[in-house]
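Colleague: I have a new structure open and would like to learn how to read it. Could you take me through it step by step?

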There are 2 protein chains.
Amino acid sequence: MIFIDVRDRRPIYEQLVERFSDLMIRDVLKTDSPMPSVRTLAAELSITPNTVQRAYAELERQGYIYSIKGKGSFVADTKPLLKKSRSRIMSELSELSGRAYRSGISEEEFVNAAGSCYRAHTAAEGGTRND
Amino acid sequence: MIFIDVRDRRPIYEQLVERFSDLMIRDVLKTDSPMPSVRTLAAELSITPNTVQRAYAELERQGYIYSIKGKGSFVADTKPLLKKSRSRIMSELSELSGRAYRSGISEEEFVNAAGSCYRAHTAAEGGTRND
DNA sequence: TAGCTGTATCAATCATGTTAATACAGTTGG
DNA sequence: CCAACTGTATTAACATGATTGATACAGCTA
């Protein structure tokens, strides 16, 4: 369900925040469904509960989950966060387009590639891939 | 010419590698033109020559420059590196377009955003910015 | 030869992520 | 009520990596 990429330069807690928030935005994790407990997830990933806690704290701070002491952490209603998610994607697109520009890729080429890349995903619609 | 972004999470030497390689890919720095000397650039940026040296070593390892002891470092022929740079960008664009699709961003929206993001970078290029 | 170049090495420092241990507080089911 | 689970907080220790600073060596050139 959740994994850690050791080659990812970012800290573990940041990876967890991204993984979970993606699953929520994509509605793989539904509103009000329970998150794995801090200690359980820590055991599964072979990391310390402290690191998971840090990720959960950040997820809560950003509004992706809500936590109740003694009960657990639960997926929040992420619809209001869709806008934020989109802006995250857009900012990454901005960063990428900058690199494309700097690599001598023309605007047409970049835009065309964006379109065909997108369509490639819609074509692979079946949904074979789930984490 | 070259600046350091303190808000950038990446280490200074990596920023330098990116800045310089960008300039070379875009042919702002021409093949065989001299790089600033290790100590000169270090003084300009108020960092240690050690950090600059690390960036130069990486640039040389990646084929962007060649260094001659006693003479200096010089811009290499970066044409052979273009293909590698572009393919890496395209694969990241593919990954990003998948996330956009799953986040409910339409193809038109994604493609339009790609175009405007790209143009934003070409606009910012005008040359008001010099360090 | 003086003064520039790249290159190498070493120790010290600093920031940050991560671990580990422990404790406290709230909920729940037996 | 209590054992066992939940989230939360705190503290110290450790590891890694970036950066600094100092010093030294080697090659080029005016």
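Modeller: We will go through the DNA contacts and then the salt bridges. This is a predicted model, so local features need pLDDT of at least 70 and side-chain atom pairs count only at pLDDT 80 or more, while totals for chains, interfaces and linings use all residues. Residues are numbered from 1 along each chain as its sequence is written, chains are lettered from A and ligands numbered from 1 in the order in which they are written, and side-chain values use heavy atoms, with hydrogens and water left out.

Colleague: Thanks! Which residues come nearest to DNA strand C?

Modeller: A residue is near a strand if one of its heavy atoms lies within 4 Å of it. Around DNA strand C there are 26 residues, and I12(A), N50(A), V38(B), R39(B) and G70(B) come nearest. On the DNA side, 63% of the strand C atoms within 4 Å of the protein belong to sugar or phosphate, and the rest to bases.

Colleague: How do I read the polar contacts there?

Modeller: Look for a pair of N or O atoms within 3.5 Å; within protein, one must be able to donate a hydrogen and the other to accept it, and residues adjacent in sequence count only if both atoms are side-chain atoms. For DNA strand C, a backbone N or O atom of I12(A) is 2.6 Å from a phosphate oxygen. R54(A) has a polar side-chain atom 3.4 Å from a phosphate oxygen of the strand, and a side-chain N or O atom of K71(A) is 3.4 Å from a phosphate oxygen of strand C.

Colleague: And which residues are closest to DNA strand D?

Modeller: R39(A), I12(B), Y13(B), N50(B) and R54(B) are the closest of the 26 residues surrounding DNA strand D. Sugar and phosphate make up 63% of the strand D atoms that come within 4 Å of the protein. V38(A) places a polar backbone atom 3.0 Å from a phosphate oxygen of strand D, and Y13(B) has a polar side-chain atom 2.9 Å from a phosphate oxygen of that strand. R39(A), in turn, has a polar side-chain atom 2.9 Å from a base oxygen of DNA strand D.

Colleague: How does the surface near DNA strand D divide by residue type?

Modeller: Ala, Val, Leu, Ile, Met, Phe, Trp, Tyr, Cys and Pro count as nonpolar, Asp, Glu, Lys and Arg as charged, and the others, Gly among them, as polar. Near DNA strand D there are six nonpolar, 12 polar and eight charged residues.

Colleague: Now the salt bridges. How many are there over all chains?

Modeller: Side chains of opposite charge can pair when their charged atoms come close. The rule is a side-chain nitrogen of Lys or Arg within 4 Å of a carboxyl oxygen of Asp or Glu. The whole structure has 24 salt bridges over all chains. One of them joins E14(A) and R9(B), at 2.9 Å from N to O. This pair crosses between chains, from helix 1 of chain A to the segment before helix 1 (12–25) of chain B.

Colleague: Are those two partners buried or exposed?

Modeller: Buried means under 20% relative accessible area, exposed over 50%, and partly exposed in between (1.4 Å probe, protein chains only). E14(A) is partly exposed at 23%, and R9(B) is exposed at 62%.

Colleague: Where could I see a salt bridge within one helix?

Modeller: Try R99(A) and E95(A), whose closest N and O atoms are 3.9 Å apart. They are four residues apart in helix 4 (residues 82–102) of chain A, so about one helical turn separates them. R99(A) is buried at 16% relative accessibility, whereas E95(A) is partly exposed at 40%.

Notes. Helix = DSSP H or I, 4+ residues; strand = E, 2+ residues; numbered from the N terminus.
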